[in-house]
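Work through the exercises below with the model open. Try each task before reading its solution.

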Amino acid sequence: MKGLSYRTLEEVGYTGYLCRQGTERVLQFGEGNFLRAFVDYFIDIANEKTGWGTKVVAVQPIAQGKAQEINGQEGLYTVYLRGLEDGKKVVRKRIVSCVSKCLNPYKEYQALMAYAASPDLRYLVSNTTEAGIVYDRDSLPEQKPPVTFPAKVARFLYERYQVFDGDPAKGLVILSCELIDHNGEELKRCVLEYCRQWKLGAGFEAWVKDHNLFCSTMVDRIVTGYPGAEAQALNQENGYEDRLLDTGEVFAVWVIEGPETLEEELPFRKAGLPVVITGDCTPYKKRKVRMLNGVQTTMVLASYLSGQDIVRRCMEDRAIDSFMKRCVYEEIIPVLTEYPREELEAYGRGLFDRLRNPFIDHSLLAISLNTTAKWRARVLPTIREYLALKQELPPCLMLGFAAYLRFYHGSRLESGALIAQRDGQDYRICDDQAVLDFFYAHRGDSWAELTGAVCANVSFWGEDLGRIPGFQKMVLEYLELFEREGVHRGFEILGRQQSGRRKRT
């Protein structure tokens, strides 16, 4: 079977959209599954719908990357988006053709730097993982390339500054997609640190600050990557071999923090894409963190302890499904008073479609990583606000906290994890070492002792949770229920109460 290329597509009679020629306006640090099924997918649709004619030059951020495979397929690859919309299965297939080439800066450094002189270049996009935006003094301008991603950006921008003699019109729009707070601001901070460390001059520093737009963004799409088990069948069906097959969910949102002028410049909205340009990403991030991430963090440990292993199977359990609906609609949404209720409920419906996605096996244990920090960021603020609003504690969120204590009740430390058991089988608890050491030290506590110790650990929560009226008492009641009747019983009790309310309303 021939590999994917423009010539191969002609031979198999492909009649879909292809952007054979275009202007290389985007330099993209990152060539992995996420950017190819998210940003590049959006650019490709914008090309088709608006005639934007934009090509992407990808740059592999580490020495081992996909440049060879991407160039071998002339930048072409196939994306399958699969999931539920309004409860119905949806499968969308698209050959993405907006990538012109991929550079390996560890072998083609001068080719990368040559793009600094391109008058057409306007955007720099990145997704170099959460660890990518860091400042490291050992990254130096004479390195080819400098070690860290911000150092690469600083060196590239300095080259561009010199080539165009500081022309304000030649600054770039920089769209950071890394999963950290204020990603654009943090990248800018690191770049400016290198300006000072490398003594590149006040003029360059002012040009970076004043004429380059570092946009923080929030990205939201689950990308599941290369479908190894299905690849052979998909290639056979397509009539070509695609070594870069990519898969993800149908749902997507990209929120870009920037001025209104950026909305006119970027044709995503015109193309009907779920891209929002706003002066502040915070409300969108809060909605996602509180609702999607908050309900997952609440249910995942209890669901695992009740015998489940993947998210979509949880949604097929009527008690867990009802529990989660009560959690979202009766405990989380009521405290998000700054949003229209209709908007939140629509987001909630989409959220449950995502969780039920029949094409994704999302492991509960994978989601359980670092639950302590997740619980503090995603759930604790909702509990505080619910208590202030209702003068009582939210039962579903509190059950989730009790399940956290039970899940973390391990017996031994081994290879960087705390080992506990479910139905006689070991499972690994992965968190910061200080968290694992704490729970190991309390492995012999009674439930009452453990509850008191965890609640009082200010380093975990930023406060003593035992000072919240009724908090410890409710947690202990759930732990005792788990001990008597099993964790699933908690889902049954709270889910039934939710179902009764819905019937009455």
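**Exercise 1. Which residue in β5 does Ala 58 stand opposite?**

Step 1. Ala 58 stands opposite Cys 102 in β5.
Step 2. Place the pair in its strands. Strand β2 (residues 54–59) runs parallel to β5, and 4 bridges join them. Strands are DSSP runs of E of at least two residues, helices are runs of H or I of at least four, and both are numbered from the N terminus. Two strands pair if DSSP finds at least two bridges between them.
Step 3. Note the basis. This is a predicted model, where local features need pLDDT of at least 70, side-chain atom pairs count only at pLDDT 80 or more, and totals for chains, interfaces and linings use all residues. Residues are numbered from 1 along each chain as its sequence is written, and side-chain values use heavy atoms, with hydrogens and water left out.

**Exercise 2. Give the strand order of the open sheet of 8 strands, and find its edges.**

Step 1. The order is β5-β2-β1-β6-β7-β8-β10-β11, with mixed pairing.
Step 2. The edges are β5 (99–103) and β11 (275–278). Each has a single partner strand, so one side of each lacks a neighbour in the sheet.
Step 3. Direction ignored, neighbouring strands are turned by 25 degrees against each other on average.
Step 4. Add the helices. Helix α6 (residues 149–163) packs on the sheet and touches β1, β6, β7 and β8 (213–220). The direction of α6 makes about 145 degrees with that of β1. Helix α7 (residues 183–197) lies across β7, β8 and β10 (253–257), at about 140 degrees to β8. Such angles run from 0 to 180 degrees between N-to-C directions, with axes as lines fitted to C-alpha atoms, for helices over the stretch in contact.

**Exercise 3. Are the residues on the two faces of strand β6 buried or exposed?**

Step 1. Take the faces of β6 (residues 123–126) in turn. Tyr 123 and Val 125 lie on one side, Leu 124 and Ser 126 on the other.
Step 2. All of these are buried, and both faces are covered. Buried means under 20% relative accessible area, exposed over 50%, and partly exposed in between (1.4 Å probe, protein chains only).
Step 3. Now the partners. Strand β1 (residues 23–29) pairs with β6 in the parallel sense over 4 bridges. Val 26 has Tyr 123 as its bridge partner in β6.
Step 4. Strand β7 (residues 173–176) also runs parallel to β6, joined by 4 bridges. Ser 126 has Ser 176 as its bridge partner in β7.

**Exercise 4. Describe the open sheet of 3 strands.**

Step 1. Its order is β12-β13-β14, and the pairing is antiparallel.
Step 2. β12 (412–414) and β14 (425–429) are the edges; each has a single partner strand, so one side of each is without a neighbour in the sheet.
Step 3. From one strand to the next, the twist averages 45 degrees.
Step 4. Strand β13 (residues 417–422) meets β14 over 5 bridges, in the antiparallel sense. The bridge partner of Gln 421 in β14 is Asp 426.

**Exercise 5. Characterise the packing of α11 and α14.**

Step 1. Two packed helices are described by the angle between their axes and the distance between the axes.
Step 2. α11 and helix α14 (residues 341–355) pack at about 40 degrees, with axes 11 Å apart. They are therefore oblique to each other. Angles under 35 degrees count as roughly parallel, over 145 as roughly antiparallel, 65 to 115 as roughly perpendicular, and the rest as oblique.
Step 3. Among the contact residues (heavy atoms within 4.5 Å) are Met 291 and Leu 292 in α11, and Tyr 347 and Leu 351 in α14.
Step 4. By class, this contact has 7 nonpolar, 2 polar and 4 charged residues. Ala, Val, Leu, Ile, Met, Phe, Trp, Tyr, Cys and Pro count as nonpolar, Asp, Glu, Lys and Arg as charged, and the others, Gly among them, as polar.

**Exercise 6. Which residues of helix α17 are buried, and what covers them?**

Step 1. In α17 (residues 380–390), the buried residues are Leu 380, Pro 381, Thr 382, Ile 383 and Tyr 386.
Step 2. Their cover includes α11 (282–305), α13 (318–332) and α22 (471–485).
Step 3. Just after α17, Gln 391 takes a positive phi of about 60 degrees.
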